[in-house]
Structure formats: C-alpha cells, structure tokens
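Please read the points below beside the sequence and the 3D view. They concern the ligand site first and the backbone afterwards.

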Amino acid sequence: MKKGFIFDLDGVIVDTAKYHYLAWKKLANELGFEFTKEQNELFKGVSRKRCLEILLDIGKREATKKEFDTWMISKNEDYLKYIENMDESEILPDVPKILEYLKENNIPIALGSASKNAQPILEKVGLLSYFDTIVDGNNVTKAKPDSEVFLLAAKQLGVNSNDCVVFEDAVAGVEAANAANMISIGIGDENVLSEAQFNFADFTEISIDFIKDLIEN
Ligand code: B16
Ligand code: MG
C-alpha cells in the first residue's frame, strides 16, 4: 500500500507561534487588555477566526461584525510583518532530514495546515519544492479538529486516508488525524498530545528506521 506523509506547519516545520503571539498581543494591548504566552497555547492549530473569538472572550470584549473583520485584517498585517524576514534558519531541527529521505524514496508529501499564510512561509524557508500538495486554511471550510484538511491532503496525494501519517503539534490536529484513521505523530509535549499514536519532543528524536517502518508496515 502506498503511504503518504502529511505535515502540519506551525510547531512542526517552523515555530511561527511566536510571531502569531506577538501579533495577537499587539491587538489585545490596543484593545486595552493583556494576552499572555500561556493563553497563546490555546491558539495553536486553531483558525484565525476562532483565535480572535477566543481573544475577545479573554478580554471580555464584544465586537460588531465590522470591528471583527477589521481586527482580523490588522492582526494578519502585523503577522505578515513579523514573518517577512523568515529564512531557512527558522526550520525546526532535522525536519529537512526527514523530508529529504521521503523525497529520495518517492513518498508523497503534503502540507496540512490551518494557516492561510502557509505557502509564502514554505517559500521563505526554502522547503516548498518538497511538497506534492498544499492544503491550508484557504482550501477548507471546517477547521481542525475536523479532519477535512487531512482528508483533502490524502485525496490530493492519491493515497488512502488510512495509509497516511500525520505530524502534528496541536491537540486539535491530533484529534483530526485520529478521526480520519490516520497514524498520528505528536510533536511536542507527550502529556499534552497524549491522544497521538506516537510521541516525540521534536524531529531530532525520530530516526530514519522509524520512518522506514512507517513506510513499510
Ligand atoms: P493564519 P498550523 C495554525 O498553523 C497556527 O498554529 C494557529 O495559531 C493559527 O491561528 C492558524 O494557523 C491560522 O494561521 O492566521 O496564518 O491563517 O499549526 O495549522 O500550521
Ligand atoms: Mg501546528
């Protein structure tokens, strides 16, 4: 059976969470309240719209439709400024090693991210050419934990969904992979990602033999 590998972006390939945090914090401060790094954990893997809803809950702020849309735009403009100068030095350790191995072995590779900025980020860090398809926030209507993003990625790779392996750093992403009957690999804190089938702190802990096993079995 042909296997397919699907990578989340933020927290798996690059750490853009720190830039999302700065942009959300700026907006919160402009609206007159604080936003902490701990609260930012709730935003991982969550769509931009849902993040703003959570932020407004934290600040106990109401918003008209117009204000909501304006704040979504201004947050994203700030985020784009933060990521403008990203380069390959921001790729998380050993990610290229795994991508290279998969490519050499002609294994289909997809991106499955909630971000609407995924493609420019992959371009900036020089990894775009590894991906056979990109499914991101622009292509789906239902956010993780819904499986839509990963099911679409499998379809576009031409691989059965239960033959896909997903690397995820967010609880919602692990849930989405499990619901799609895919092999879920949690990257990060194993206590947080306890629903994942396999757990690793980061890619430096993942051996080529482990990847080989996933491909062959
Ligand atoms: P954007 P991932 C997610 O990326 C981030 O983890 C999440 O914090 C962010 O709100 C979401 O993308 C949307 O990003 O505002 O760029 O569309 O982890 O799914 O790759
Ligand atoms: Mg993520």
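1. Helices (H or I, at least four residues) and strands (E, at least two) are DSSP runs, numbered from the N terminus. In this predicted model, local features need pLDDT of at least 70 and side-chain atom pairs count only at pLDDT 80 or more, while totals for chains, interfaces and linings use all residues. Residues are numbered from 1 along each chain as its sequence is written, ligands are numbered from 1 in the order in which they are written, and side-chain values use heavy atoms, without hydrogens and water.

2. Ligand 1 is surrounded by 18 residues, each with a heavy atom within 4 Å of it, and V46, A114, S115, K116 and N117 are the closest. Both α3 (48–58) and α4 (65–83) supply at least two residues of this shell.

3. By class, the shell around ligand 1 holds six nonpolar, five polar and seven charged residues, where Asp, Glu, Lys and Arg count as charged, Ala, Val, Leu, Ile, Met, Phe, Trp, Tyr, Cys and Pro as nonpolar, and the others, Gly among them, as polar.

4. Which distances separate D10 and R48 from ligand 1? A polar side-chain atom of D10 lies 2.7 Å from an oxygen atom of ligand 1, and one of R48 lies 2.8 Å from an oxygen atom of the ligand.

5. The peptide bond from K144 to P145 is cis, with omega near 20 degrees, and P145 lies in the loop between β3 (133–135) and α7 (148–157). K60, in the loop between α3 and α4, has a positive phi of about 50 degrees although it is not a glycine. Most residues other than glycine have a negative phi, and most peptide bonds are trans.

Technical notes. A polar contact is a pair of N or O atoms within 3.5 Å; within protein, one must be able to donate a hydrogen and the other to accept it, and residues adjacent in sequence count only if both atoms are side-chain atoms.
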